[in-house]
Amino acid sequence: MTQLVAVSKTHPVATIEQAIALGQRVFGENRVQEAMLKFPALKEHYPDIELHLLGALQTNKIKEAIEHFDVIETLDRKKLADAFAKEQARGTVLPKLYIQVNTGNEPQKAGILPQEANEFIIYCKDTLHLPVVGLMCIPPVDEPPAPHFTYLKDLAAAHNLPYLSMGMSNDWQDAIKFGATHIRVGTAIFGSR
Ligand SMILES: *Cc1c(COP(=O)(O)O)cnc(C)c1O
């Protein structure tokens, strides 16, 4: 089964409440600050909401991110992994973590590079004992996504990671075919931002 992560960034609480009324409980936001303004009250009313962080995380926001998100999909560099490990060593229970992979080797995009991915996954899981349970990617806009989805699926399988977050408004059907456990859809649900 594939979980729909409804990407509610830039949309107001009233819009999110409409989705909740229709039964949606899993949401994605890009910015810690925006999520902190919108979700605490919603979570109080609907404790079964699961909130995913989909945007880049700065280490100075890590405490807030841990507090407000159930899943952080953008673990993408050693400095951030070490910061999570430091919080964990203090006794903090971390959210579920996915490692973001820059499958297209795009210089402007976040994510660990494919040639560094194996070593980074092992570092996070086995050296730091972080709760890494999945991988996430955003394929290049100008390429067919299938090879990227296949690559991510094989990488997750090689490391026994159960969750695969891939597919957005324009390619979620393909992502499901290639084994996505989570698709992240914003525009196709809420309209343009
Ligand atoms: C905004 C965003 C989405 C949703 O994109 P849509 O094209 O609106 O569906 C998915 N994933 C990430 C990481 C995003 O930043």
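Visitor: In this predicted model, how far does a polar side-chain atom of Lys 9 lie from an oxygen atom of the ligand?
Guide: Lys 9 is listed among the residues around the ligand. A polar contact is a pair of N or O atoms within 3.5 Å, and the polar side-chain atom of Lys 9 is separated from a ligand oxygen atom by 2.8 Å.

Visitor: Which residue places a backbone N or O atom 2.8 Å from an oxygen atom of the ligand?
Guide: The residues around the ligand include Arg 184, Val 185, Gly 186 and Thr 187. Of these, Arg 184 has a polar side-chain atom 2.8 Å from a nitrogen atom of the ligand. The backbone atom lying 2.8 Å from a ligand oxygen atom belongs to Gly 186.

Visitor: How much of the accessible area that the ligand has on its own does the protein cover?
Guide: The ligand takes up the space of the largest pocket, and the shell of residues around it consists of 5 nonpolar, 4 polar and 3 charged. On its own the ligand has 390 Å² of accessible area, and the part of this covered by the protein is 89%.

Visitor: Is Gly 111 buried or exposed?
Guide: Gly 111 is found in the loop between β5 (96-101) and α5 (114-127). A residue counts as buried under 20% relative accessible area; because the value for Gly 111 is 16%, this residue is buried.

Visitor: How many Å apart in space are Gly 111 and Pro 131, C-alpha to C-alpha?
Guide: Gly 111 belongs to the loop between β5 and α5. In sequence, Gly 111 and Pro 131 are 20 residues apart, while in space their C-alpha atoms are separated by 18 Å.

Methods:
Residues numbered from 1 in each chain as written. Predicted model: local features only at pLDDT ≥ 70, side-chain atom pairs only at ≥ 80, totals over all residues. Heavy atoms only, no water. Near = heavy atom within 4 Å. Polar contact = N/O pair within 3.5 Å; in protein donor to acceptor, adjacent residues only side chain to side chain. Areas by Shrake-Rupley, 256 points an atom, 1.4 Å probe, with all protein chains shown as cover. 1 Å grid on protein atoms, 1.4 Å probe; cavity = no way out; pocket = protein on both sides within 12 Å on 5 of 7 lines; lining within 4 Å. Sits in = over half its atoms within 2 Å of the grid points. Nonpolar A, V, L, I, M, F, W, Y, C, P; charged D, E, K, R; others polar. Helix = DSSP H or I, 4+ residues; strand = E, 2+ residues; numbered from the N terminus. Buried < 20%, exposed > 50% of the residue type's maximum accessible area, 1.4 Å probe, protein only.
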